[in-house]
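Trainee: I'd like to go through this model by asking and answering. Shall we start with a backbone detail and work outwards?

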Amino acid sequence: MNQLLTANVATNLYWLGRYLERIELTLFEINKAYDKIIDVDKAAGVKLYQKFNIDLHYEGVVNFLEEAIFGDHPANLATLMINARENAIIARPNIDPSAFGEIIDLHTLFQTISTHELLIDYKDIETALSLISEIWGAYEKKGHRKCSDYFLKLGKLIEEVDFRIRFKKKEEMTNLIVKDINSIFNILDTDFDKKMKKSPDDSKSKNIIEDLYEKVDTLIVY
Amino acid sequence: MLEKSTELHKKFWEIFEKQDRKKINEFKMYMDRFAINFNLYKDGNFIEQSLPFDVIPRIISKSEFSKIEKGLQQRVTALNLFLEDIYTDAKIVKEGIIPIEFIERASGYLKEFVGFSPSKKIRTHINGIDLVKDSSNDEWVILEDNLRVPSGSSYPLSIRDTYRKIYPEFFETLNITPIKSYPKFITNAMNYVNTGGINVLMTPGRFNSAYYEHSYLAEKIGAQLVRANELEVINKKVYFKNYNGKKIQVGAIYRRLDDDFIDPKFFNPESLIGVPGVVEAYLNNNVALLNAIGNGVSDDKGIYYFVPKMIEYYLNEEPILKNAPTYLPYFPEDMNYVMKHIEKLVIKDVAEAGGYGVLFGHAMTREEIENLKRVIKADPRRFIAQELIEFYDEKCYLNNELVNRKADFRAYVVMGEDVKVWNCGLTRYALEEGNYLVNSSQGGGFKDTWVMEL
């Protein structure tokens, strides 16, 4: 891995990966909750947002979508998408051009709905999910990976781990993803283990997410 | 007034008539989708917007462009020699071709750099020269030299790619010269003056009006896009700070910020977008800066007057491309002329740029003219006066109708081992009919420029 990259670009790629993954996974969960709220469990949205430490209030399923996606809380997806767009603009020379276009489209989709006071519906969610799939697809298609691609993937995987822990998903799978993440640290810096002064496997006994954050801080030197 | 239609224009219109005009909207969609923006600050707010684009290209025949090319090569060569001269021997001053006060009072002249010669004695690496085509004699005329940090090349480069996708028939059928060579010109120029190390493009940052261009060009020329804090000077050498903490020496910096901000240790100490110590590295020839520090002197509107004399002096040649007829109130004879004919002249404040500080005598009231005369008399070096050139309009397709707009042409000239003129450029048109100000900062738009032959 001999691609040059500033710490600023590396950080922006990492956060781009995190925001996009966060938006995608949140939309998946919103979709599931949407289905339940209709006729199974009116409180499904409240339960979902408790996992993000957010106290969500809504009246009916349509209002749930509004509050979940554009509500005044830290998981507002339109705001996350503004951040993701900023990350993409800063890291642009290192982003696949078609993926860049999809990111701008995704941002426009959220902004159009939020600024024109249109009611969001399930079709918008499907459009957003499809755009995100295309962004990931642009990277999956690549044969040769550069450092910049790995920073994006690093952000994506760390966000996935965060989600899995919040949603208490199977630990076995989470550990496999962490293993994948640890291999990325070593790809991005061959001296990484020396810098951490410990084996990546030692982290098992600690809080997984905090341990990963510490590793990211060690990897990207300002 | 429109230029006389040629066979090349006819060929264009034949194809244009057959095209689906609804597809014109796709250009704007493309520019929005890829954030091809020109950013502005308005009332304290940061606004990202795409530049207005018009689908009708400016068409220049290959033979006509060939004359422009030769004229620009000649002009930039002379300007480079002039800059090297005034910062070293100043022969042109000693021999009385240019009065010393014109050099010393030029805002971009930096006395501190006298005696310094940059890598390969090249100072004018990347240049934007503004021209118009005079309708009175069909000649191209130079309006302005931009030898500091000219911008705009990324817009025609980006839009050409789109044009080829939206309306491929033009490129299949017509003999339009390809334009992809421009980034290579810059890379070659950077490599030529590189003092040892990697190439970087230095941007003031995300909120600069031309950030899109910085990021686009960095990718195309294969240079790292960096902000000031991503470079560090150690022992008079400049280093790129990689994400993993490794430091890699930098040999050439294509800087997209003005002299005043490039080094807080040397220039403005308040600058947060400069690299402390970069000037010292430059003065030790440990890094090349594109363009050289101190080039602002040649962008001065007062110095512009002397460029034809520079061509004669340094190259012993007649200028191929002429300046607009210009008067310097500094010279008594010119002052008399300006005072007598001010109503028909364009008065320019030499310290201003971007279309600011330009006054049209014909559009001023009697009182305003009298005031202006007083200001000119009080500080004659501050102004130049030019005959108003009736330059050609270009046909534009705006709001679904064909209209005429004044348009200029910014040509890009890159100097490395040799002088290359890009066979495209930025054709800028005015927002309103009859307006002579075409600058993007004045709301103007741009067109593609096709150099063609039958």
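Trainee: What phi does B:Gly222 take, just after α9(B)?

Mentor: Before the angle, remember that this is a predicted model: local features need pLDDT of at least 70, side-chain atom pairs count only at pLDDT 80 or more, and totals for chains, interfaces and linings use all residues. Residues are numbered from 1 along each chain as its sequence is written, chains are lettered from A and ligands numbered from 1 in the order in which they are written, and side-chain values use heavy atoms, leaving out hydrogens and water. Helices (H or I, at least four residues) and strands (E, at least two) are DSSP runs, numbered from the N terminus. Just past α9(B), B:Gly222 has a positive phi, and its value is about 70 degrees.

Trainee: How many of the 11 residues in helix α9 of chain B are buried?

Mentor: Buried means under 20% relative accessible area, exposed over 50%, and partly exposed in between (1.4 Å probe, protein chains only). Among the buried residues of α9(B) are B:Tyr211, B:Tyr212, B:His214 and B:Ile221. The helix, residues 211-221, is mostly covered, and its count of buried residues is nine.

Trainee: Zooming out, what radius of gyration does chain B have next to the globule rule?

Mentor: The radius is taken over C-alpha atoms, and the globule rule is 2.2 Å times the number of residues to the power 0.38. Chain B has 16 helices and 22 strands, and its C-alpha trace spans about 65 × 60 × 50 Å along the principal axes. Of its 454 residues, 58% count as buried. For that length a compact globule would come out near 22 Å, and chain B agrees, with 22 Å.

Trainee: And what is the radius of gyration of chain A?

Mentor: Chain A is built from 10 helices and zero strands, and its C-alpha atoms fill a box of roughly 55 × 40 × 30 Å along the principal axes. Here 56% of the 222 residues count as buried. The rule puts a compact globule of this length near 17 Å, and chain A agrees with it at 18 Å.

Trainee: Which residue of helix α1 in chain A forms a salt bridge with A:Asp162?

Mentor: A salt bridge here is a side-chain nitrogen of Lys or Arg within 4 Å of a carboxyl oxygen of Asp or Glu, and the structure holds 48 of them over all chains. A:Asp162 sits in helix α7 (residues 147-166), and its partner is 144 residues away in helix α1. A:Asp162 is buried at 10% relative accessibility, and the partner is buried too, at 2%. The N to O distance is 3.9 Å, and the partner is A:Arg18.

Trainee: How far apart are the closest N and O atoms of A:Lys156 and A:Glu21?

Mentor: Both ends of this salt bridge are buried, A:Lys156 at 18% relative accessibility and A:Glu21 at 2%. The pair links distant parts of the chain, with A:Lys156 in α7 and A:Glu21 in α1, 135 residues apart. The closest N and O atoms are separated by 3.5 Å.

Trainee: Which residue meets B:Asp299 in a salt bridge, and is it buried or partly exposed?

Mentor: B:Asp299 belongs to helix α12 (residues 296-299) and its partner to the loop between β5 (139-146) and α6 (154-166), so the pair ties together parts that are 151 residues apart in sequence. B:Asp299 counts as buried at 11%. The N to O distance is 3.0 Å, and the partner is B:Arg148. At 34% relative accessibility, B:Arg148 is partly exposed.

Trainee: How far apart in space are A:Ile54 and A:His73?

Mentor: A:Ile54 is in the loop between α2 (44-50) and α3 (60-70) of chain A, and it is buried, with a relative accessible area of 9%. A:His73 is 19 residues away in sequence, yet the C-alpha to C-alpha distance is 7.2 Å.

Trainee: Last one: where is A:Lys36 placed?

Mentor: A:Lys36 is partly exposed, with a relative accessible area of 45%. Its place in chain A is in residues 7-39, which form helix α1.
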